[in-house]
Structure formats: C-alpha cells, structure tokens
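Subject: A structure to look at, with notes

Hello,

I am handing over a structure that I would like you to look at before our next discussion. Please open it first, and then read the notes that follow with the picture beside you.

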Amino acid sequence: MNGQTVWVHAQKELDDGEIGIFFHNGEGFIKKLGHKDGKILLISLNHRKYEPREIKEDDVFFVFGKVVG
C-alpha cells in the first residue's frame, strides 16, 4: 500500500517468488520476481489490477534488495 514502510535486505539477486525492490526503465517497484517460459517477470501483488512487467534484454534493470518485513 502507498505510504507503508518496508524493511529490505540489500542484495543483488533474488530467487523466484521472492518480493523485492526493483528499478526498471526509470521506475521503482516493489513486486514479486517470477520466471515463466524463459521470461523474467515482475508480478504485482495486486495482480488483478496490474499485468506482469516483462524484463527484456535491452531494458535497464536492477535489483536493490529483498523485502523482509
């Protein structure tokens, strides 16, 4: 939810299904990392409202860390 505080463990890699802080093409996100059919996806926790964001080869993409609380 907007305005909430989250605790993050700084790390550069996450496992499939973990929730993290991401930078993708100029925007920041808190989303779940997923892999499907060879694609890397950022999946919204409110998946009925937002489609997954596919990370493509030429995109600017960073993992800042894992949400731990």
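β2 and strand β3, the latter covering residues 27-36, run beside each other in the antiparallel sense and are held in register over six bridges. Please keep in mind from the start that this is a predicted model, so everything below describes a prediction.

It helps to begin with the whole sheet. The strands make an open sheet of six, in the order β1-β6-β2-β3-β4-β5, and the pairing is antiparallel. At the edges stand β1 (8-10) and β5 (53-55), each of which has a single partner strand, so one side of each is left without a neighbour in the sheet. Going from one strand to the next, the twist averages 45°.

With that order in mind, you can follow the individual pairings. On one side of β2 is β3, and here the bridge partner of Gly20 is Lys31, that of Ile21 is Ile30, and that of Phe22 is Phe29. β2 also pairs with strand β6 (residues 61-67), again in the antiparallel sense, over five bridges. Phe22 takes part in this pairing as well, since its bridge partner in β6 is Val63. Further along the sheet, β3 pairs with strand β4 (residues 39-43) in the antiparallel sense over five bridges, and Lys36 stands opposite Lys39 of β4.

The next thing to look at is how the chain turns between these strands. β2 and β3 form a hairpin with two residues between them, and Asn25 lies in the loop that joins these strands. β3 and β4 likewise form a hairpin with two residues between them, and Asp37 has its place in that loop.

Both turn residues deserve a careful look at their backbone angles. Most residues other than glycine have a negative phi. Asn25, however, has a phi near 50°, a positive value in a residue other than glycine, and Asp37 also has a positive phi of about 50° although it is not a glycine. How exposed is each of them? Asn25 has a relative accessible area of 40%, and because exposed means over 50% and buried means under 20%, Asn25 counts as partly exposed. Asp37, with a relative accessible area of 71%, is exposed.

Two residues of β2 are also worth following in the viewer. Is His24, which belongs to strand β2 (residues 19-24), buried or exposed? Its relative accessible area is 4%, and His24 is therefore buried, given that the cut-off for buried is under 20%. Leaving aside its neighbours within four places in sequence, His24 is in contact with Phe29, Leu42, Arg53, Glu54, Ile55, Asp59, Val60 and Phe61.

Ile19 lies in strand β2 too, but Ile19 is partly exposed, with a relative accessible area of 28%. When neighbours within four places in sequence are left aside, the contacts of Ile19 include Leu14, Ile30, Lys31, Lys32 and Leu45, and they also include Gly65, Lys66 and Val67. If you would like a distance to check for yourself, the C-alpha atoms of Ile19 and His9, which are 10 residues apart along the chain, are separated by 11 Å.

Finally, please look for the open space in the model. Rolling a probe the size of a water molecule over the atoms shows where empty space is left. The largest pocket holds about 530 Å³ of space. It is lined by 14 residues, and the closest to its centre are Met1, Asn2, Ile30, Ser44 and Leu45. Which strand gives the most to this lining? That is β3, with three residues. Sorted by class, the lining of the largest pocket has eight nonpolar, five polar and one charged residues. Ile30 is a good place to end, as Ile30 is among the residues closest to the centre of the pocket, is the bridge partner of Ile21, and is also in contact with Ile19.

With best wishes

Notes
Residues numbered from 1 in each chain as written. Predicted model: local features only at pLDDT ≥ 70, side-chain atom pairs only at ≥ 80, totals over all residues. Heavy atoms only, no water. Buried < 20%, exposed > 50% of the residue type's maximum accessible area, 1.4 Å probe, protein only. Contact = heavy atoms within 4.5 Å. Pairing = 2+ DSSP bridges. Helix = DSSP H or I, 4+ residues; strand = E, 2+ residues; numbered from the N terminus. 1 Å grid on protein atoms, 1.4 Å probe; cavity = no way out; pocket = protein on both sides within 12 Å on 5 of 7 lines; lining within 4 Å. Points joined across faces, edges and corners; volume = space filled by probe spheres on them. Nonpolar A, V, L, I, M, F, W, Y, C, P; charged D, E, K, R; others polar. Axes fitted to C-alpha atoms, helices over the stretch in contact; angles between N-to-C directions.
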